[in-house]
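Visitor: I have a structure I would like to walk through with you. Could you guide me, one question at a time?

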Amino acid sequence: MRSDRQNRTPMGLKIAAGVGLAFLHLPLLLIFLYAFTTEDKSYQFPPPGLTLKWFAVTWNRPDVWEALGLSVRVASISTAVALTLGTLCAAAISQTRFFGREAISLLVILPIALPGIITGISLRSAFNLAEIPFSFWTIVLGHATFCVVVVYNNAVARFRRLQGSLIEASMDLGADGFQTFRHVILPNIGTALLAGGMLAFALSFDEVIVTTFTAGQQATLPIWMLEELVRPRQRPVTNVVAMVVVLVTFLPILAAYYLTQDGDQISGQGK
Amino acid sequence: MSVSSSASGGAILAGRGGLGGSLSDAFWRKPQLLLFLMLTPPLLWLGVIYLGSLFALLIQSFFSIDEFSGMVVREFTLKTYGELLRPSNLDIIVRTVIMAGLVTIASAVIAFPIAYFAARYARGRWKAMFYLGVMLPLWSSYLVKIYAWKLILAKEGILGWVFDKLHLTFLIDGWLALPIVGGNSLSVSPTGTFLVFVYVWLPFMILPMQAALERVPTNLLEASADLGASPGQTFRNVLLPLALPGVIAGSIFTFSLTLGDYIIPQIIGTSHLFIGMAVYAHQGTAGNIPLAAAFTVVPVVIMGIYLWLAKRAGAFNAL
């Protein structure tokens, strides 16, 4: 006689939860509709007509391609750096006990726990003090700093489930440390790293607050969008770009979800 | 050191040959060496570059700006903090904190049914759907979300259209005519800013809340009902106290994120400044880095107090 059998959901709760989820999703659906609107001067609803014209216009815009290219390059390199640093940190934290362990895990979370504007302005003023000119690499430096935590969270969760006896068994059977890493540890943490990497990529691809402080004249895709939001010039093109960005970020999120589905959760907290 | 194992096949094997082999042996014998090597790169990056920058920023908040030349004077003084406490700057701080508080409360109210349904009633496929239903908006582009609201709140946008079709336009007009919350249109009113803040940070409230609610044993709720409590009493006296750590954990995100944001009020809102916008304005065109730095100390201090209170309420067990 389990007591949690008779699960009848109260109607009010169902409605409230449904309305809440609709509140989360309807605005995003609206983006898809507006990408096809024929109206190019205002945000008129309902759209007076539907067209595919703006996709062609957007396709032929060099500034959009440039921004997209820069964003992809920044996100790739930041992800690579974050994967290396995050995995090293996670391995050290989860496999050993040492003095200052708590402080290090706090340090990893700090760039994302503090408001982005603080990370941004402190990096900017540090670049100014050190007289480092703004470039591609200053953007990467900022992005990698807050991407580490995503990889770290995913890797730590998986390391916790990786039994120490597996590693010891591998060593006992004659594998050296590198072989153990290659054949035992890596296959075990691989999917977690892939998921963490994808989330880091999505995070970097979308980042705008830190980037406004660490980028010089270059515009990543979010910076390009921000300009359009503050001073709208090309509404239809912005509509199309917004839709593409939604689609592009959904894919890694879905992939990361399926990769980490067995047991541990995607570390979505503290974006 | 030289153990000859060739003849006897003893218990201890010879050291491995080659660079990789001896490195591997060294790591096994001295785990501290491996630990040191593993921790150096991340610590150099986060500890030196990142913490260093934060510290440099903190120091600059104790510098001041020369009123005539506009140059930063590198002498320690509390003058900048005095400037921070001017009424106009205090207004900005109070406005931001009130907004953060309201956003947090509204997020908690909207998030609760979703989190409760997902934690207690959703099973199997529905559970996955709910999880993704929160995850996708959480991770989708921040700017696109703001842009969507620009489309919604515009005068000619969908919200105006719906109210027009229902012949309820007078409701919007009446609301916009109110002082404090109103404005020329929804997209340039504090109400608009509030709505967008709630929308963008809501998923950050749902996830920790759901995690906390999942740990509340169902039979406690049933026991409460069996003992004659109404659903409302069960909610107040059993469910809420048990779920409170999750609510506080979520509120840390919504509160902190609202405190530091400068893009949402800039795009959807009035010309009244929020802390983030003040920081941005002072470091940018005004070139007053010391005052900008002092402004960034405000959310850090507020969050420090908030976290300390949250820790006392046991919120970190729910993270």
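Visitor: Which pattern does chain A follow along the sequence?

Guide: Happy to start there, and please keep in mind that this is a predicted model. The secondary structure of chain A comes to eleven helices and zero strands. Read from start to end, the chain A pattern is α-α-α-α-α-α-α-α-α-α-α.

Visitor: What does the C-alpha trace of chain A span along its principal axes?

Guide: Chain A has 271 residues, and 52% of them count as buried. Among its contacts between residues at least 6 apart in sequence, 71% join residues at least 24 apart. Along the principal axes, the C-alpha trace spans about 70 × 70 × 30 Å.

Visitor: Now to the partner chain. How far apart do the C-alpha centres of domain 1 and domain 2 of chain B lie?

Guide: Domain 1 of chain B covers 18-50, and domain 2 covers 79-318. Going from one C-alpha centre to the other, the separation is 42 Å.

Visitor: How much area do chain A and chain B bury between them?

Guide: The size of an interface is often given as the accessible area lost when the parts come together. Here the contact takes 95 residues from chain A and 86 residues from chain B. Carbon and sulfur atoms carry 79% of the buried area, which comes to about 8300 Å².

Visitor: Which helix of chain A gives the most to the side that touches chain B?

Guide: Let me start with the polar side of this interface: eleven residue pairs are in polar contact between chain A and chain B, both residues at pLDDT 80 or more. On the chain A side, the top contribution is 14 residues, and it comes from helix α1 (residues 11-34).

Visitor: And how do the residues on that side of chain A divide into nonpolar, polar and charged?

Guide: This is the side of chain A that touches chain B, and across that interface the rule finds zero salt bridges. Its residues divide into 64 nonpolar, 23 polar and eight charged.

Visitor: How many salt bridges are there over all chains?

Guide: Side chains of opposite charge can pair when their charged atoms come close. In chain A, Asp63(A) pairs with Arg61(A) in one of these bridges, and Arg233(A) pairs with Glu228(A) in another. In chain B, Glu214(B) and Lys127(B) meet in a salt bridge too. Over all chains, the count is three.

Visitor: Is Arg61(A) buried or exposed?

Guide: Its partner Asp63(A), with closest N and O atoms 2.9 Å away, is partly exposed at 29% relative accessibility. The cut-off for buried is under 20%. Arg61(A) has 17% relative accessibility, so Arg61(A) counts as buried.

Visitor: What about the pair Arg233(A) and Glu228(A): is Glu228(A) buried or exposed?

Guide: The closest N and O atoms of this pair are 3.3 Å apart. Arg233(A) has a relative accessible area of 60%, so Arg233(A) is exposed. Glu228(A) has a relative accessible area of 3%, so Glu228(A) is buried.

Visitor: How many residues apart in sequence are the parts that Glu214(B) and Lys127(B) tie together?

Guide: These two side chains meet at 2.8 Å, N to O. Glu214(B) lies in helix α9 of chain B and Lys127(B) in helix α5 (residues 125-139), so the pair ties together parts whose sequence separation is 87 residues.

Visitor: Thr193(B) caught my eye. Is Thr193(B) buried or exposed?

Guide: Thr193(B) is found in helix α9 (residues 190-214) of chain B. Not counting residues up to four places away in sequence, Thr193(B) touches Met99(B), Ile264(B), Pro265(B), Ile268(B) and Gly269(B). Its relative accessibility is 2%, so Thr193(B) counts as buried.

Visitor: Which residues is Gln60(B) in contact with, leaving aside its neighbours within four places in sequence?

Guide: Gln60(B) is in helix α2 (residues 31-60) of chain B, and with 8% relative accessibility Gln60(B) counts as buried. Val73(B) is 13 residues away in sequence and 9.6 Å away in space, C-alpha to C-alpha. The contacts of Gln60(B) are Ser125(A), Leu129(A), Ile289(B), Pro290(B) and Ala293(B).

Visitor: One last stop: where is the place of Glu39(A)?

Guide: With 19% relative accessibility, Glu39(A) counts as buried. Beyond its neighbours within four places in sequence, Glu39(A) is in contact with Gln44(A) and Pro48(A). The place of Glu39(A) is in the loop between α1 and α2 (53-59) of chain A.

Technical notes. Residues numbered from 1 in each chain as written. Chains lettered and ligands numbered in written order. Heavy atoms only, no water. Domains from an automatic or database assignment. Contact = heavy atoms within 4.5 Å. Buried area = accessible area lost by both parts, 1.4 Å probe. Salt bridge = Lys/Arg side-chain N within 4 Å of Asp/Glu carboxyl O. Polar contact = N/O pair within 3.5 Å; in protein donor to acceptor, adjacent residues only side chain to side chain. Helix = DSSP H or I, 4+ residues; strand = E, 2+ residues; numbered from the N terminus. Nonpolar A, V, L, I, M, F, W, Y, C, P; charged D, E, K, R; others polar. Buried < 20%, exposed > 50% of the residue type's maximum accessible area, 1.4 Å probe, protein only.
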